[in-house]
Amino acid sequence: MGKIKIRLLDEAEISKVILRLSHEIIENQKDLDSIAIIGIRTRGEIIARRIIDNIQSHYNKKIDFGILDVTFYRDDFSKNLGSPKVGPSDITFDINNKNIILIDDVLYTGRTIRAAMDELFSFGRPSSIKLGVLVDRGHRELPIKADFIGKNFPTSDNEHIHVLVEEVDDKNEVNLVEY
Amino acid sequence: MERIDTKHLLGLENISKSDIEKIIDVGFTFREVLDRPIKKVPVLNGKNIVNLFFENSTRTKISFELAEKRLSADVTNFSASFSSVQKGESLKDTIQNIHVMKMDCVVMRHPVPGSCLQLTNYVDVPIINAGDGSHEHPTQALLDMMSIKEKFGKIKGLKIGIVGDILHSRVALSNIFGLIKLGAKVKLCAPPHLLQRNIEHLGVSVTHDVDELIEWADAINVLRIQRERMGLGLIPSIREYRTFFGITNERIKKHKKEIVLMHPGPINRGVEIDSEIVDSDQTIILDQVLNGVAVRMSVLYLLLGSKDFE
């Protein structure tokens, strides 16, 4: 494990950033009935849930929610990247003709997002896919960019961004970690 | 990354409890994949798998082939009846020829017990036993256990009965090894001459009374009476077997209890189990078939996908 270099966001700041993301997602969409939010397991799922809750309480609007586990679609699954435990994806609504907002915690190489998009198409044909992330740390290896970005934190190669969430890690914070 | 320790799946006797649990858990993940509109994931893209079937099989072969295709692997099928084996080629030569063509995994069914283990001497890719004689049939036992877990939510502490020709059954042996490792209680029911001597050493109990088994068990795995092994004077008649060991309507009604019935197939309706019971909601036979594809996907993924071969 690396050592924590600096705390980038604390609990209150994370809430504020996620709230802003929630408003931006709504602001951007004309037809609220057509949007669905899908979180990428594990921490993207939790951030997506918080966005759903925000939209529910501020706009009184129930949004379709799903979870993607991209393990079987990764191009680097044979390398041990310490991926989390495999779990099933959970998308119970029909994604055809929906405007999907994919949510993940950190946008890095873009490979997870590519895998997620591939996997989404095995469920149907959405009319559009947009991407929202809590942190964009740069270093893209694929032509992918986020539509909704919580924070931009440029990093160097030996640094990592660790997003901790209460549901998994018992606390909410975003740290810059050096390896 | 999900990993299992074993390199091959030769049987459940020599693999760890945690490997078995992981295969079943990942199996449930693949069950979800099978519910999607497009039931295919690209994890084994570019891998070549050969299915060597030296003995007839319908469902196991279809199940493996489906599992392989749904993981995007390339599949080569080989049946002994249409091959050079008919011309007298030995197993070793057949395998070495196939191996030199750079296969990534071998799935084999063979009538000789231990043939999969022998195969590990000739090739260094993962080998999956799809049934070796009357020895083991590990993927069948894994799908049985997955179905039990799906139905009951657990395996530990459950009372599982197995009735039928235990002596010649690879399904029974693999189930015994697996279920005991996962903490289930296992009771076997068979005519005395169709049961290995001293099989209690494996940690199971034995009865010759099927009514006692029904009274005791949470679930019963009903084995097929293997007609191809008949004619050896093992059972006086099919009717007599049904009378003493069959899961009949009258028996099930008499006991008035909830019991889950399983069958590895193919079923002889009216022999080891009555037709009406097969079609009732007490059985999970069709769930077993579906779980079979999922658990085989899991085995292939864990042996091939999540490991590096340097």
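**Exercise 1. Chain A: order of elements and overall dimensions**

Which pattern does chain A follow when read along the sequence? Then describe the chain as a whole.

*Solution.* The model is predicted, so local features need pLDDT of at least 70 and side-chain atom pairs count only at pLDDT 80 or more, while totals for chains, interfaces and linings use all residues. Residues are numbered from 1 along each chain as its sequence is written, and chains are lettered from A and ligands numbered from 1 in the order in which they are written.

Step 1. Along the sequence, chain A reads β-α-β-α-β-β-α-β-β-β-α-β. Its secondary structure comes to 4 helices and 8 strands. Helices (H or I, at least four residues) and strands (E, at least two) are DSSP runs, numbered from the N terminus.

Step 2. For 179 residues, a compact globule would have a radius of gyration near 16 Å, and chain A agrees with its 16 Å. The radius is taken over C-alpha atoms, and the globule rule is 2.2 Å times the number of residues to the power 0.38. Along the principal axes, the C-alpha atoms of chain A fill a box of roughly 45 × 35 × 30 Å.

Step 3. Buried residues make up 39% of the 179 in chain A. A residue is buried if 20 or more other C-beta atoms lie within 10 Å of its own, exposed if 12 or fewer, and partly exposed in between, with C-beta atoms placed from the backbone. Of the contacts in chain A between residues at least 6 apart in sequence, 70% join residues at least 24 apart. Two residues are in contact if their C-beta atoms, placed from the backbone, lie within 7 Å.

**Exercise 2. Chain B: the same description**

Give the element count, dimensions and burial of chain B.

*Solution.* Step 1. Chain B has 11 helices and 9 strands.

Step 2. A compact globule of 310 residues would have a radius of gyration near 19 Å; the value for chain B is 19 Å, in agreement. The box filled by the C-alpha atoms of chain B along the principal axes is roughly 60 × 45 × 35 Å.

Step 3. In chain B, 44% of the 310 residues count as buried. Among its contacts with a separation of 6 or more, 74% come from residues 24 or more positions apart.

**Exercise 3. The two domains of chain B**

State the domain bounds in chain B and describe the side of domain 1 that touches domain 2.

*Solution.* Step 1. The assignment gives domain 1 as 17-137 + 289-305 and domain 2 as 139-284. Such bounds come from an automatic or database domain assignment.

Step 2. The C-alpha centres of the two domains of chain B are 26 Å apart. In the contact between them, 19 residues of domain 1 meet 20 residues of domain 2.

Step 3. On the domain 1 side, the elements giving two or more residues are helix H1 (17-33), strand E4 (127-132) and helix H11 (285-305) of chain B. By class, that side has 6 nonpolar, 8 polar and 5 charged residues. Ala, Val, Leu, Ile, Met, Phe, Trp, Tyr, Cys and Pro count as nonpolar, Asp, Glu, Lys and Arg as charged, and the others, Gly among them, as polar.

**Exercise 4. Packing of H1(B) and H11(B)**

At what angle do H1(B) and H11(B) pack, and which residues make the contact?

*Solution.* Step 1. The angle is about 115° and the axes of H1(B) and H11(B) are 8 Å apart. Axes are lines fitted to C-alpha atoms, for helices over the stretch in contact, and angles run from 0 to 180 degrees between N-to-C directions.

Step 2. Residues in the contact include B:Ile23, B:Val26 and B:Phe30 of H1(B) and B:Ala294, B:Val295 and B:Leu302 of H11(B). By class, the contact of H1(B) with H11(B) has 10 nonpolar, 3 polar and 2 charged residues.

**Exercise 5. Backbone exceptions**

Where are the cis peptide bonds A:Arg41 to A:Thr42 and B:Gly265 to B:Pro266, and where do A:Asn97 and B:Lys102, with positive phi, lie?

*Solution.* Step 1. Most residues other than glycine have a negative phi, and most peptide bonds are trans.

Step 2. The bond joining A:Arg41 and A:Thr42 is cis, with omega about 10°. A:Thr42 sits in the loop between strand E2 (35-40) and helix H2 (43-59) of chain A.

Step 3. From B:Gly265 to B:Pro266 the bond is cis, with omega near -10°. B:Pro266 is in the loop between strand E9 (260-262) and helix H10 (275-278) of chain B. The C-alpha atom of B:Pro266 is separated by 9.9 Å from that of B:Ser57, 209 residues apart along the chain.

Step 4. A:Asn97 has phi near 65° and lies in the loop between strand E3 (64-68) and strand E4 (99-107) of chain A. A:Asn97 is exposed because 11 other C-beta atoms lie within 10 Å.

Step 5. B:Lys102 has phi near 60° and lies in the loop between helix H3 (91-100) and strand E3 (105-110) of chain B. With 8 C-beta neighbours inside 10 Å, B:Lys102 counts as exposed.
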